[in-house]
Amino acid sequence: MKDVYTLADLRDWPAATADEEPPLRLAVFGDPVAHSASPPMHNAALAATGLAALYCRLHIRPEELAEAVRLLAPQQFIGVNCTIPHKAAALPLMDRVDDHARRIGVVNTIALDGGQLIGFNTDGPGLVRAVRTVFGVDLRDMRVLVLGAGGGAGRAIAMQCGIEGCERLALVNRTPEKARELAAELAPYFAGPRVYGPNARLEVVPWEEDAVQRQIEHTDLIINCTSVGMKASDPSPLSSSILQPHLLIYDTIYTARRTRLMLAADEAGARSANGLSMLLHQGALAFEIWFNREAPLAEMRVALVAHANRT
Ligand code: NAP
C-alpha cells in the first residue's frame, strides 16, 4: 500500500490498487494528509476483527473534494474520514447528514449506504468519551474553557458543550470575531438559568493572560484546541502561573509526549491529558458507524501509540 494516494488514483481505483489484498475500501481525505495516524489505527481494528478491507490516506485538495466524494460509491468504498481542510466543505456534498453533524455543521465521517453518502461527526462525541476515560468525569458536568474557539476542533468541541448542556462555557480565540460568531450560534444552548454564581453561562474572553486568569476560578476543564504545541518547539499556550490545581486540562494535540501545556499543568499541580484519547474514540465511533459493531479499542490504542512514538 502506498503512503498516500491521490485523486488520479481514485479515478482508476481498481488499477491503482490492483496488488492490494484485502482491498482498499476506507480512507482519510486531507490536505496535507501524510501525517495522519488514522490508517495504522483503523488497519489494526480491521485486522483484529477479521474484516477484509484496508484503510489508506488520500491527498485531496479543496478543489478536488466534490469529485473525490462522488467517486466513493462507484469505487465501492465503505466510508471515509475527512480531516483538515474538508470537514465543513464535505457537509453539503452528502445525500443525508445525521442530526448531530448538522447541528455541529461539520462532517468528519462519511458512510456509504446503498450508494448514498451519509455524513456524521464523531469528534465531539469522541471528546466526551475521552474526557470520561482519562479524567473519570462527564463533560456535561463541567464548566469549560475552550482555548482556540475559532478553528474546526474548537467549534466542534464548543458545540458539543452546548449540546451536552454544560453549565458554563468560556470561549477564547486569538481572532476574537470568530469566537463571537460561535457564541452567537451557541446562545440558545445557554439561555437557561444559572446554577453557579452570578457569572454568565456563555462568555467570550479576550486572548489575554489577565482575562483568562479571571476565568480560572469559574472553570473546571480547559480544552486546548489551538495548534500551539503541535511543534515540540512551541511554547505553552497558557503559562503555569495562571493555572490552578483544581483544573483538568485536556490538550487536543495528539502526540506520544507530554505537551508544553501539560508540563505547565504539572507545574501548577493540575491533571492533564493529550489528544490521543480523542483521536482514538472518534476513530472507534467511526468504525462503529461503518461496521455496526464494537471497535477493538485496545488494538487501536496500541497502533496509535506506536505511530505517535515514530513521529
Ligand atoms: P484550525 O481549524 O486551523 O484552528 C486552529 C486554531 O488555533 C484557531 O483557533 C487559531 O486561532 C488557533 N491558533 C493557531 N495559531 C495560533 C497562535 N500562534 N496563537 C494563538 N492561537 C493560534 O485547526 P483544527 O483542525 O481546529 O486543529 C486545532 C488543533 O486541534 C490541532 O492541534 C489538532 O491537532 C487538534 N485536533 C485534535 C483532534 C483529536 O482527535 N485529538 C481532532 C481534531 C483536531 P485563529 O482563529 O485566531 O487563527
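**View 1. Helices α6 and α7 in a predicted model, roughly perpendicular to each other.** In this predicted model, helix α6, which covers residues 123-135, and helix α7, which covers residues 152-164, have axes that come within 8 Å and cross at roughly 70°. Because angles of 65 to 115 degrees count as roughly perpendicular, the pair α6 and α7 is described in that way. On the α6 side the contact is made by Asp123, Gly124, Pro125, Leu127 and Val128, and on the α7 side by Ala156, Ile157, Gln160 and Glu164. Sorted by class, this contact of α6 with α7 consists of five nonpolar, two polar and two charged residues.

**View 2. Helix α7 and the glycine that follows it.** Helix α7 has 13 residues, and the distance from its first C-alpha to its last is 18 Å, close to the 18 Å expected at 1.5 Å a residue. The buried residues of α7 are Gly154, Ala156, Ile157, Ala158, Met159, Gln160, Cys161, Gly162 and Glu164, and among them Ala156, Ile157, Gln160 and Glu164 also take part in the contact with α6. An α-helix has 3.6 residues a turn, so residues three or four places apart point the same way. After α7 comes Gly165, which has a positive phi near 80°.

**View 3. The seven-stranded open sheet, with mixed pairing.** The strands follow one another across the sheet in the order β1-β3-β2-β4-β6-β7-β5, and the edges are formed by β1 (residues 5-6) and β5 (residues 96-97), each of which pairs on one side only. Within this sheet, strand β4 (residues 79-82) and strand β6 (residues 109-113) are joined by three bridges in the antiparallel sense, with Gly79 standing opposite Ala111 of β6. Helix α11 (residues 276-291) packs on the sheet, where it touches β2, β3, β4, β6 and β7 (residues 116-120), and its direction makes about 10° with that of β6. Helix α3 (residues 38-49) lies across β2 (residues 24-30), β3 (residues 54-59) and β4, and runs at about 160° to β3.

**View 4. Strand β11 between its residues' two directions and its two parallel partners.** Strand β11 covers residues 221-224, and from this strand Leu221 and Ile223 point one way while Ile222 and Asn224 point the other way, all of them being buried. With strand β8 (residues 143-147), β11 pairs in the parallel sense over four bridges, and the bridge partner of Val144 in β11 is Leu221. With strand β12 (residues 248-251), β11 is likewise joined by four bridges, and these two strands run parallel; here Asn224 stands opposite Asp251 of β12.

**View 5. The surroundings of Met262, a buried residue of helix α10.** Met262 lies in α10, a helix that covers residues 260-268, and has a relative accessible area of 3%. Since buried means under 20% relative accessible area, Met262 falls in that class. When residues up to four places away in sequence are not counted, Met262 touches Ser272, Ala273 and Asn274. Ser240, which is 22 residues away from Met262 in sequence, lies 9.4 Å from Met262 in space, C-alpha to C-alpha.

**View 6. Two cis peptide bonds, each leading into a proline.** The peptide bond that joins Asp31 and Pro32 is cis, with omega at about 5°, and Pro32 belongs to the loop between β2 and α3. A cis bond is also found from Ile84 to Pro85, where omega is near 0°; Pro85 is part of the loop between β4 and β5.

**View 7. Gln76 and Asn292, loop residues with positive phi that are not glycine.** Gln76 has a positive phi of about 60° although this residue is not a glycine, and Gln76 is placed in the loop between α4 (residues 65-71) and β4. The relative accessibility of Gln76 is 52%, and this residue therefore counts as exposed, the cut-off for that class being over 50%. Asn292, another residue other than glycine, has a positive phi near 50° and lies in the loop between α11 and α12, the latter covering residues 297-310. With a relative accessible area of 72%, Asn292 is exposed.

Terms used
Residues numbered from 1 in each chain as written. Predicted model: local features only at pLDDT ≥ 70, side-chain atom pairs only at ≥ 80, totals over all residues. Heavy atoms only, no water. Axes fitted to C-alpha atoms, helices over the stretch in contact; angles between N-to-C directions. Parallel < 35°, antiparallel > 145°, perpendicular 65-115°, else oblique. Contact = heavy atoms within 4.5 Å. Nonpolar A, V, L, I, M, F, W, Y, C, P; charged D, E, K, R; others polar. Pairing = 2+ DSSP bridges. Expected span 1.5 Å × (residues − 1). Buried < 20%, exposed > 50% of the residue type's maximum accessible area, 1.4 Å probe, protein only.
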